[in-house]
Amino acid sequence: MKLLLALVSAAISSHVALAHEGASHDQVPFDYNLFPYQMPAYRAANGEVTADSVFSGITTFARLPWVQCLGKDAHEKFDIAFLGAPFDTGTSYRPGARFGPSGIRAGSRRLNLYGGYNVPMEVNPFTSLRMVDCGDIPVTPYDNSYAIKQIEEGHKALLKREAFSPLGNDSVTGMALEPLSRDGKSHPRVITLGGDHTIVLPLLRSINSVYGAISVVHFDSHLDTWKPQVFGGAPSEVAAINHGTYFWHAAQEGLIKNGTSIHGAIRTTLSGLEDYENDDTVGFHRIEAREIDTLGIDGIVKKIRDTVGDNPVYLSIDIDSIDPAFAPGTGTPETGGWSTRELRTIIRGLDGLKIVSADVVEVAPAYDTNAELTTMAAADVLYEVVSAMAKTPLGK
C-alpha cells in the first residue's frame, strides 16, 4: 500500500510540473497589476483559451489595473477611469445601491477574457485607450451633504488631470484637433459606478468645472427633474436633494445646456401633466419607453442625435431603464422597459457623439438574481459606452 501511494504521489507531482512548464504565462503575486495595461495572454500550451483570469487577483472593472488615483498614484495619467461612488441615502424606495460598484465589477469579470474586441463597433476599447480602475470614492453614509461634496471632489480630482493619449488629427481634414474643455487641455473621461442617481448632481458640478453647461443623454424610467416640493416634500435642504430631484437642482445651477438634453426609456407615473411642463422647463426632451414600438431603435437614435447635435455630452444610465425581467436588481423597478439588447444597440447608435464622461447607477445587487443578471447588464452596457468613447476623441 505504501508503495502504491508513493507511486501515485510521484505521478501527480510529475503531472503538475509538466502542466506548469507548459503554461504560457508566468505566475505573478496576487497584488500585481500590469500598468500600463497589457492584455493578458491566458492560453494553454495547445493554444486554447483558459478561464483562470476570471478567478484570480482582486476584482476590478474588466480586470483593468487598479490604480490608487486618490492616493499614492495621484499624478498617474490615463484616458478613461472607472470610479465607484457607493452612495444610496438619496433613494426613495429600496436602498442597496451603495453595493453597486462592487457588483458591477463582479459582473464585468469576463468582458475582456477573450480579448475584448467589440464586433459591431469594430474596436477594442481595452487596447485603444489607457483605462484604469481607480476604486471607490470614500463616501460617508451618515451625512448626505458631506457625501455629495466628497463625490464632487473625488470626481474632479480625476477629471482635471490631463489625458494620457494625445488627441491626434481630424480624420477628415487632417488638422490637429483642439480640446473641447474650457481650459484648452485634453482631459480624461471618468465612468462612475453608482450609487443611487443623486450622485449625478455632484458629477455634473465636476463636469461643469471643465466643460461648462453640458448636454445630457439620460436613460431612465423616471424623469428625475421633479421639484423638491413635489418629490419628497423638501422637509429640509438636505432632503430636497435626492434621486428624483437632482436634475432640477442642476438646472437651477446652470449645469445643463437647456434644450439639448434628452431622456430615454421613460415610463413613470406622474403627479400630473405639470411634471412634463416642469421637465420642459428644466431643458429635456423625452422618449417614452413605449415609443420603441413606433419609432424603432433607429428612430430613437435619430431623435437623440438630433437633440444633442455636436455638443459635448454627459451620458447617465439608470439600470432601471432596462425592464426588470432583464435587470431586477434596482431600487425603483418599472415594468415595460427596454431589453438589455435594445439599450446596448441604442448606445452603439451614439457612436460619434462626444461623450465626455458617463455613469451607470441604481444597481442594487441585493435584489438581483443568483445569476447576476443586473450586474452583468450594467457591465455590458458600459462596454458599449467605452467602445463609443474609444472611437471618438474629445476634440473639435
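What does the protein chain average in pLDDT, and what share of the residues score at least 70? The average is 89, and 86% of the residues score at least 70. I start there because this is a predicted model, and pLDDT is the predictor's confidence in each residue. One stretch to treat separately is residues 12-32, where pLDDT stays under 50. For that stretch the model has nine contacts beyond four places in sequence.

Now the overall make-up. The protein chain has 396 residues, and 53% of them are buried. It contains 11 helices and eight strands. Take the contacts between residues at least 6 apart in sequence: 78% of these join residues at least 24 apart.

Here is one example of residues that are distant in sequence. Threonine 91 sits in the loop between strand 1, residues 80-85, and helix 3. Aspartate 196 is 105 residues away from threonine 91 in sequence, yet their C-alpha atoms are 6.3 Å apart. Leaving out residues up to four places away in sequence, threonine 91 touches Asp196, His243 and Glu362.

Next, the aromatic rings. How many aromatic pairs does the count come to? It comes to six. I will go through two of them.

One pair is tryptophan 226 with phenylalanine 231, at 5.2 Å centre to centre. Why does this pair count as stacked? The angle between the planes is 25°, and planes under 30 degrees apart count as stacked. The partners can also be described by their accessible area. Tryptophan 226 has a relative accessible area of 7%, so this residue is buried. Phenylalanine 231 has 22%, so this one is partly exposed. The cut-off behind those words is that buried means under 20%.

Another pair is phenylalanine 247 with phenylalanine 284. Their ring centres are 4.9 Å apart, and because their planes stand at 50°, the pair is tilted. Phenylalanine 247 belongs to helix 7, residues 246-252, and phenylalanine 284 to strand 6, residues 284-288, so the pair ties together parts that are 37 residues apart in sequence. Are these two residues buried or exposed? Both phenylalanine 247 and phenylalanine 284 are buried. Together with Tyr246, they form one aromatic cluster.

Last, the empty space, beginning with the second largest pocket. This pocket holds about 290 Å³ of space. Its lining has 13 residues, and the closest to the centre are Gly107, Arg109, Arg110, Leu111 and Asp380. Which helices each supply at least two residues of the lining? They are helix 3, residues 100-107, and helix 11, residues 373-391. Helix 11 gives the largest share, three residues. Sorted by class, the lining has six nonpolar, two polar and five charged residues.

Then there are the cavities. A search of the whole structure finds one cavity of 30 Å³ or more. The volume of the largest cavity is about 30 Å³. Which residues line the largest cavity? They are Pro179, Leu180, Ser181, Lys185, Ser186, His187, Tyr211 and Leu394. By class, this lining divides into four nonpolar, three polar and one charged.

To recap the places to find in the structure: the threonine 91 contacts with Asp196, His243 and Glu362, the cluster of Tyr246, Phe247 and Phe284, and the second largest pocket, with Asp380 among the residues closest to its centre. When you look at residues 12-32, remember that pLDDT stays under 50 there.

Terms used: Residues are numbered from 1 along each chain as its sequence is written. This is a predicted model: local features need pLDDT of at least 70, side-chain atom pairs count only at pLDDT 80 or more; totals for chains, interfaces and linings use all residues. Side-chain values use heavy atoms; hydrogens and water are left out. On a 1 Å grid over the protein atoms alone, a cavity is a set of points where a 1.4 Å probe fits but cannot get out, and a pocket is an open set with protein on both sides within 12 Å along at least five of seven lines; lining residues have an atom within 4 Å of a point. Grid points are joined across faces, edges and corners, and a volume is the space filled by probe spheres set on the points. Helices (H or I, at least four residues) and strands (E, at least two) are DSSP runs, numbered from the N terminus. Ala, Val, Leu, Ile, Met, Phe, Trp, Tyr, Cys and Pro count as nonpolar, Asp, Glu, Lys and Arg as charged, and the others, Gly among them, as polar. pLDDT is the predictor's confidence in each residue, from 0 to 100. Contact means heavy atoms within 4.5 Å. Rings of Phe, Tyr and Trp (its six-membered ring) pair if their centres lie within 6.5 Å; planes under 30 degrees apart count as stacked, over 60 as edge-to-face and the rest as tilted. Buried means under 20% relative accessible area, exposed over 50%, partly exposed in between (1.4 Å probe, protein chains only).
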